[in-house]
Amino acid sequence: MSLGEYDTYAELYRPVNTPNELNEPVYSNQLIEPFWCKIRQASASEGVSDDTLNNVSRYTLTAHYLPDISDTDIVIIDEVEYTIIGLDRPYRKNTTITIERSSHGRRH
């Protein structure tokens, strides 16, 4: 895939746990790597259960080879946080990441 096809800027973050001055855990996200990618919507669904609206959107990202990535990391695109639910690095040529965003529990 040519470089010009990567038209979306994204950032890869890793959740970290560091103790504060009272030795209590403080959770934050640490930037691992900014990258350019191609994004494609894979699926979207919506449902209502007990007066609660739930919707889920899944996207597929294609990026250059990212060696330091795991499914516990998160991706942020346009200040929106996405959970990584799958990834593939065929032949170390590129990285394909499946990400998801859901509303879980939004009242309508």
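In this predicted model, Ser57 is a residue of strand β3. Beyond its neighbours within four places in sequence, Ser57 is in contact with Gln41, Ser43 and Ala44. Ile99, Glu100 and Arg101 are also contacts of Ser57. Ser57 and Ile85 stand 28 residues apart in sequence. Their C-alpha atoms are 12 Å apart in space.

Glu100, one of the contacts of Ser57, belongs to strand β6. Its relative accessibility is 18%, so Glu100 counts as buried. The cut-off for that class is under 20%. The side chain of Glu100 makes a polar contact with the side chain of Arg58, at 2.7 Å. With residues up to four places away in sequence left out, Glu100 touches Val56, Ser57 and Arg58. Tyr82, Thr83 and Ile85 are touched by Glu100 as well.

The largest nonpolar core holds 15 residues. Seven of them touch the most other members: Phe35, Leu61, Val75, Ile77, Ile84, Ile97 and Ile99. Six strands each supply at least two residues of this core. They are β1 (8-19), β2 (25-49), β3 (52-64), β4 (74-77), β5 (80-88) and β6 (94-102). Strand β3 gives the most, with three residues.

Val75 shows how such a core member is surrounded. Not counting residues up to four places away in sequence, Val75 touches Ala10, Glu11 and Leu12. Phe35 and Leu61 are further contacts of Val75. The list for Val75 continues with Val80, Glu81, Tyr82, Ile84 and Ile99. Among these contacts, Phe35, Leu61, Ile84 and Ile99 are also named in the group that touches the most other core members.

Aromatic rings were examined next. A pair of aromatic rings is described by the distance of the centres and the angle of the planes. The count comes to two aromatic pairs. In one, the ring centres of Tyr9 and Trp36 lie 5.5 Å apart. Their planes meet at 65 degrees, so the pair is edge-to-face. This pair links distant parts of the chain, with Tyr9 in strand β1 and Trp36 in strand β2. The two residues are 27 residues apart. Tyr9 has 36% relative accessibility and therefore counts as partly exposed. Trp36 is partly exposed too, with a relative accessible area of 46%.

Tyr59 and Tyr82 also form a pair, with ring centres 5.8 Å apart. Their planes are at 80 degrees, so this pair is edge-to-face. Tyr59 lies in strand β3 and Tyr82 in strand β5. The pair therefore ties together parts that are 23 residues apart in sequence. Tyr59 counts as buried, at 18% relative accessibility. Tyr82 counts as buried at 11%. Tyr82 is also a contact of Val75 and of Glu100.

Charged side chains were considered last. Side chains of opposite charge can pair when their charged atoms come close. The structure holds four salt bridges. One of them joins the side chains of Glu5 and Lys38, at 4.0 Å from N to O. Glu5 sits in the segment before β1, and Lys38 in strand β2. The pair links distant parts of the chain, 33 residues apart. Glu5 is partly exposed, with a relative accessible area of 36%. Lys38 is partly exposed as well, with 34%.

Arg14 takes part in a salt bridge with Asp68, at 3.6 Å from N to O. Asp68 lies in the loop between β3 and β4, and Arg14 in strand β1. The pair therefore ties together parts that are 54 residues apart in sequence. Asp68 is partly exposed, with a relative accessible area of 41%. Arg14 is also partly exposed, with a relative accessible area of 22%.

The side chains of Asp73 and Arg14 meet in a salt bridge as well, at 2.8 Å from N to O. This pair again links distant parts of the chain. Asp73 is in the loop between β3 and β4, 59 residues apart from Arg14 in strand β1. Asp73 is buried, with a relative accessible area of 1%. Arg14, Asp68 and Asp73 are thus linked in a network of salt bridges.

Conventions:
Residues are numbered from 1 along each chain as its sequence is written. This is a predicted model: local features need pLDDT of at least 70, side-chain atom pairs count only at pLDDT 80 or more; totals for chains, interfaces and linings use all residues. Side-chain values use heavy atoms; hydrogens and water are left out. A nonpolar core is a set of buried Ala, Val, Leu, Ile, Met, Phe, Trp, Tyr and Cys residues joined through side-chain atoms within 4.5 Å. Buried means under 20% relative accessible area, exposed over 50%, partly exposed in between (1.4 Å probe, protein chains only). Helices (H or I, at least four residues) and strands (E, at least two) are DSSP runs, numbered from the N terminus. Contact means heavy atoms within 4.5 Å. A polar contact is a pair of N or O atoms within 3.5 Å; within protein, one must be able to donate a hydrogen and the other to accept it, and residues adjacent in sequence count only if both atoms are side-chain atoms. Rings of Phe, Tyr and Trp (its six-membered ring) pair if their centres lie within 6.5 Å; planes under 30 degrees apart count as stacked, over 60 as edge-to-face and the rest as tilted.
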